[in-house]
Amino acid sequence: MSKTYKIAVLPGDGIGPEIIDQGIKVLNAVSKRFGVNFEFTKALIGGAAIDVEGVPLPDSTLELAKNSDAVFMGSIGDWKYDKLDPAIRPECGLLKIRKELNLFANLRPVVVYDELAASSTLKEDVVKGVDIMMVRELTSGLYFGEPKGIELRNGEKVGFNTMIYKESEIERIVRLAFDIAMKRRKKLCSVDKANVLDVSRLWREVVERVAKDYPEVELSHIYVDNAAMQLVRNPKQYDVMVMENMFGDILSDEASMLTGSLGMLASASLTDKGPALYEPSHGSAPDIKGQDKANPIATIMSAAMMLKYSFNLDKEANAMEEAIKQVLKEGYRTADIMSEGASLVGTNKMGDLVSEKIVCNILN
Ligand code: NAD
């Protein structure tokens, strides 16, 4: 009897439930085609949890997440909660689950499909063929370093934060980035600011040390300011990029815009033990909620990442990615990626089309 993968499903708010339904639909198609078993258990997070339980991450949701093989999430937040105390807003649910599951690595694939290259704000020949994996450290660095604060010094206020990394924190994210590079085109670029920051000099030292265990991977280093420039000048030169928390926050948003639409961007947040979390990079899009307009592709691609990184089901994940490519090639588009001559479809239909491709491809 084959293994059953237990998936905690947290649809969240706004378009979350609609796009998650498409993800589940496609995973059921994978089940049908490849005979793998998934068990889905839904729970509340974000505003949906506040409405029912008064908190953005109920204990029962966290318990379910911890006891699952992976967490599959939609999106969190709605304008109607903007007036709540910041400490109990929907977003706190997301921050808390990331912390509780010790999700120290954020992966964002930036893939420009040929069919959509024209929707980027950059020239088509610059972005066509881009396929980068951005790997960002998520639980340390400038956003969490101590000391931090605002205080009076010599009669005026000063504000300060600390960018701090332990060798072990650098090593675990860098090792993960090397492992990912080994599964791809075997190129890794480490981003730092070693010409100015001591913490970056340690970062570079650890990267060089870990690199000895990965002789097949071609390693390069780049200063963060140059990386920001190169990403819009010649993004095709990159395969995997790894960086500390704040550098990653900024550069992964910059890189994501190469693709032209938020609705295409998947993400995974990984840990070294316990379940990882998979969600689209975009928010809950309250402006199009419940209108069958949301693009579910980022969510479906996040589900494909779950199969690849949590379950080692590479063949099944590739089938999902291939199905998306075929549907786009046949000219189907949701409104956010619509172009002249293409066929406009809604959220639900896009999910159906990708699922049908997965099942039909048995014959190919
Ligand atoms: P957003 O990403 O929700 O939306 C920005 C724009 O992109 C909107 O016009 C929206 O319609 C569009 N868009 C987003 N995803 C789309 C999709 N799949 N298909 C088609 N169009 C899509 O960002 P926002 O409007 O700034 O934030 C809305 C809410 O989402 C806020 O409450 C915010 O805090 C929250 N948020 C949550 C997450 C998360 O859950 N990880 C991330 C970002 C923002």
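Glu137 is located in strand β5. In this predicted model, Glu137 has a relative accessible area of 0%, so the residue counts as buried. Leaving aside residues up to four places away in sequence, Glu137 is in contact with Phe104, Tyr165, Arg172, Ile173, Met243, Glu244 and Asn245. Its C-alpha atom is also 8.3 Å from that of Ile170, a residue 33 positions away along the chain.

From Glu137, please follow the pairing into the neighbouring strand. Strand β5 comprises residues 131-137, and 7 bridges connect it to β4 in an antiparallel arrangement. Within that pairing, Glu137 is the bridge partner of Ala105. Strand β4 itself covers residues 105-111, and 6 of its 7 residues are buried.

What is the bridge partner of Ala105 in β11? That partner is Leu270. Ala105 therefore has a bridge partner in β5, namely Glu137, and another in β11, namely Leu270, by the bridge criterion used for strand pairing. The pairing of β4 with β11, residues 266-270, is antiparallel and extends over 3 bridges.

Let us continue from β11 to β12. These two strands run antiparallel and are joined by 4 bridges, with Ala268 standing opposite Tyr278 of β12. They form a hairpin with 5 residues between the strands, where Gly274 adopts a positive phi near 100°.

Is strand β12 enclosed or open to its surroundings? Strand β12 spans residues 276-280, and 5 of its 5 residues are buried, so the strand is largely enclosed by the rest of the structure. Ala276, Tyr278 and Pro280 point one way from the strand, while Leu277 and Glu279 point the other way, and all are buried. Beyond its pairing with β11, strand β12 also pairs with β3, residues 70-75, in the parallel sense over 3 bridges. There, Ala70 stands opposite Ala276 of β12.

Pro280 of β12 leads us to a helix. Thr299, found in helix α10, which covers residues 297-309, touches Pro280. Which other residues does Thr299 touch, not counting residues up to four places away in sequence? They are Ile19, Ile20, Phe72 and His282. With a relative accessibility of 0%, Thr299 counts as buried.

I now turn to the protein as a whole. Its secondary structure consists of 12 helices and 14 strands. The C-alpha trace spans about 65 × 50 × 45 Å along the principal axes. Why may the fold be compared with a compact globule? A compact globule of 364 residues would have a radius of gyration near 21 Å, and the value for this protein, 21 Å, agrees with that.

Burial and contacts can be put in the same overall terms. Of the 364 residues, 52% are buried. Among contacts with a separation of 6 or more, 74% are between residues 24 or more positions apart.

Finally, the surface and the charges. The protein exposes about 16500 Å², of which carbon and sulfur atoms supply 51%. There are 45 positive and 53 negative charges, and their mean positions lie 2 Å apart.

To recapitulate the route taken: Glu137 of β5 is the bridge partner of Ala105, β4 pairs with β11, β11 is joined to β12, and Pro280 is touched by Thr299.

Methods
Residues are numbered from 1 along each chain as its sequence is written. This is a predicted model: local features need pLDDT of at least 70, side-chain atom pairs count only at pLDDT 80 or more; totals for chains, interfaces and linings use all residues. Side-chain values use heavy atoms; hydrogens and water are left out. The radius of gyration is taken over C-alpha atoms; the globule rule is 2.2 Å times the number of residues to the power 0.38. Buried means under 20% relative accessible area, exposed over 50%, partly exposed in between (1.4 Å probe, protein chains only). Contact means heavy atoms within 4.5 Å. Accessible areas come from the Shrake-Rupley method with a 1.4 Å probe; for residues, only the protein chains shown count as cover. Lys and Arg count as positive and Asp and Glu as negative; His and the chain ends are not counted. The place of a charge is taken as NZ of Lys, CZ of Arg, CG of Asp or CD of Glu.
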